[in-house]
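User: Please take a close look at a single part of this model, the open sheet together with the helices that pack around it. I would like one connected account of how the strands are ordered and how the helices meet.

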Amino acid sequence: MVAWLQNNPKININSVGFIIFFLLTCGAILITAPNIQNSKITLSFNGNEALNHVSVQISLNTTHYRTPGTKGRQDCANYFVNEFQDISLNITQIFHNFSVNSISCQNVLFKMNENKNNIVILAAHYDSRAKATKDPDLNLRNNPIPGANDGASGCAVLLELAERLYQRLNTLGCQLWFLFFDAEDQGEDSGGYGLNGWDWCEGSNKFVEDLSLFYDSTEETFECMILLDMVGGTNLQFIAEQYSTSSLLDELFEIGRQLGYTYQFPLLRTSSSITDDHIAFIDRGIPSADLIINFWDNPLWPYHHTLNDDINSISSYSLEVTGKTLEQFIYNNYLIPESLKYSSNAPWLFDMNAMDSTIVILLLVMGFILALLGLGSYLIKQRKDKKSQVQIDSSTKKA
Ligand SMILES: [Zn+2]
């Protein structure tokens, strides 16, 4: 390389810098880009059906919605039970009871395909926030929120997905858990607590503490856990959540992009670390990913923890984008016969922090400036060479 540079004096140090930067960037993209090709299969997830599941959840009890410890929370758990019983009476139901500050809470788990020992967990929280702590109207901040997106959307996708996957269950080589967490959303934000003294993710922490009660650790293993949180809002766009196992989250992004959802799963992503229900599973060593949006600084969906997190801020298309991406993920990885399988990042052991989109843009701008400088000094040098050539020519003529 050095010899080549010496033999090519037109290449100056600025353009060398740019070439190195360019090669490094390409290398980084190639290393991190998942080798994913969606298997060709017709997806059946229906966004309108999922939208209906959101509507039902937020209309079950408009006094408290699904606040922990209320009848609304119980009504919602019953709704899930009825929906799964409609799919099949053979689906195992498990109710995980626990209490937080003396209030009774309940995680709800449904298991399918239990003859398979490798478990995929699909999860969402179903409690709604007890107080609209970020509502623009300060007088309304003590009211409970409908939580159409924050809570109900993820559960709605799970319900519709369960129905669709059950129809192909005998072609799937994994056990499926549909897991609904209570007590996720009552922690303290900028406007105070949902419920005084509660932490975030109480339900998922308790669930993982008791995990050994829910499976046979001598026979069964966990493949991965995928969490859905705020997946049905208008202008849906997922972020690079940094606690997530990156090889799993990247795979979901690539699957979504190949389905044509390039706005919802952008190449340049906002990066952030979100305290959510997947953390306890990651700490337990289970590859986990959180499909979640930018909810703290997003003019395109500014309804987080406000009373406007209602049905008007939901899009059936967003629900369908999420549902079909998950449906494709399951078929890609677990369809039988194995010949239908595609290349995936399984078993999702690789994990790294992604660069924030701001840093990527900054690096690109720096590279562009370096390239401009290189081009500029090259042109100046060319001009000087030409000038001295003209001078030599004219002095030659004189001689
Ligand atoms: Zn929330």
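**The sheet and its helices**

Analyst: In this predicted model, Thr 92 stands opposite Lys 111 of strand S2. That pair belongs to the pairing of strand S1 (residues 92–100) with S2 (residues 103–112), which is antiparallel and comprises nine bridges. Two residues lie between the strands of this hairpin, and Asn 101 adopts a positive phi near 50 degrees there.

The hairpin strands are part of an open sheet of six strands, ordered S1-S2-S4-S3-S7-S10, in which the pairing is mixed. S1 and strand S10 (288–292) occupy the edges; each has a single partner strand, so one side of each lacks a neighbour in the sheet. From one strand to the next, the twist averages 20 degrees.

Within the sheet, strand S3 (residues 118–125) and strand S4 (residues 175–181) run parallel and are joined by seven bridges. Ala 124 has Phe 180 in S4 as its bridge partner. Helix H5 packs on the sheet, where it touches S2, S3, S4 and strand S7 (221–229). The direction of H5 makes about 145 degrees with that of S3.

H5 also meets two other helices. Helix H4 (residues 71–87) packs against H5 (residues 148–166) at an angle of about 15 degrees, the axes being 10 Å apart. Angles under 35 degrees count as roughly parallel, and H4 and H5 are therefore roughly parallel to each other. Their crossing is right-handed. On the H4 side the contact is made by Glu 83, Phe 84 and Ile 87, and on the H5 side by Leu 159, Ala 162, Glu 163 and Tyr 166. By class, five residues of this contact between H4 and H5 are nonpolar, none is polar and two are charged.

The second partner is helix H3 (residues 47–59), whose axis comes within 8 Å of that of H5 and crosses it at roughly 130 degrees. H3 is thus oblique to H5. The crossing of H3 with H5 is right-handed. From H3, the residues in this contact are Glu 49, Ala 50, His 53, Val 54, Gln 57 and Ile 58. They meet Ala 148, Ala 152, Ser 153, Cys 155, Ala 156, Val 157, Leu 159 and Glu 160 of H5. The contact of H3 with H5 divides into nine nonpolar, three polar and two charged residues. Leu 159 of H5 takes part in the contact with H4 and also in the contact with H3.

How values were computed
Residues are numbered from 1 along each chain as its sequence is written. This is a predicted model: local features need pLDDT of at least 70, side-chain atom pairs count only at pLDDT 80 or more; totals for chains, interfaces and linings use all residues. Two strands pair if DSSP finds at least two bridges between them. Helices (H or I, at least four residues) and strands (E, at least two) are DSSP runs, numbered from the N terminus. Axes are lines fitted to C-alpha atoms, for helices over the stretch in contact, and angles run from 0 to 180 degrees between N-to-C directions. Angles under 35 degrees count as roughly parallel, over 145 as roughly antiparallel, 65 to 115 as roughly perpendicular and the rest as oblique. A crossing is left-handed if the near helix is turned anticlockwise from the far one by less than a right angle, and right-handed if clockwise. Two residues are in contact if their C-beta atoms, placed from the backbone, lie within 7 Å. Ala, Val, Leu, Ile, Met, Phe, Trp, Tyr, Cys and Pro count as nonpolar, Asp, Glu, Lys and Arg as charged, and the others, Gly among them, as polar.
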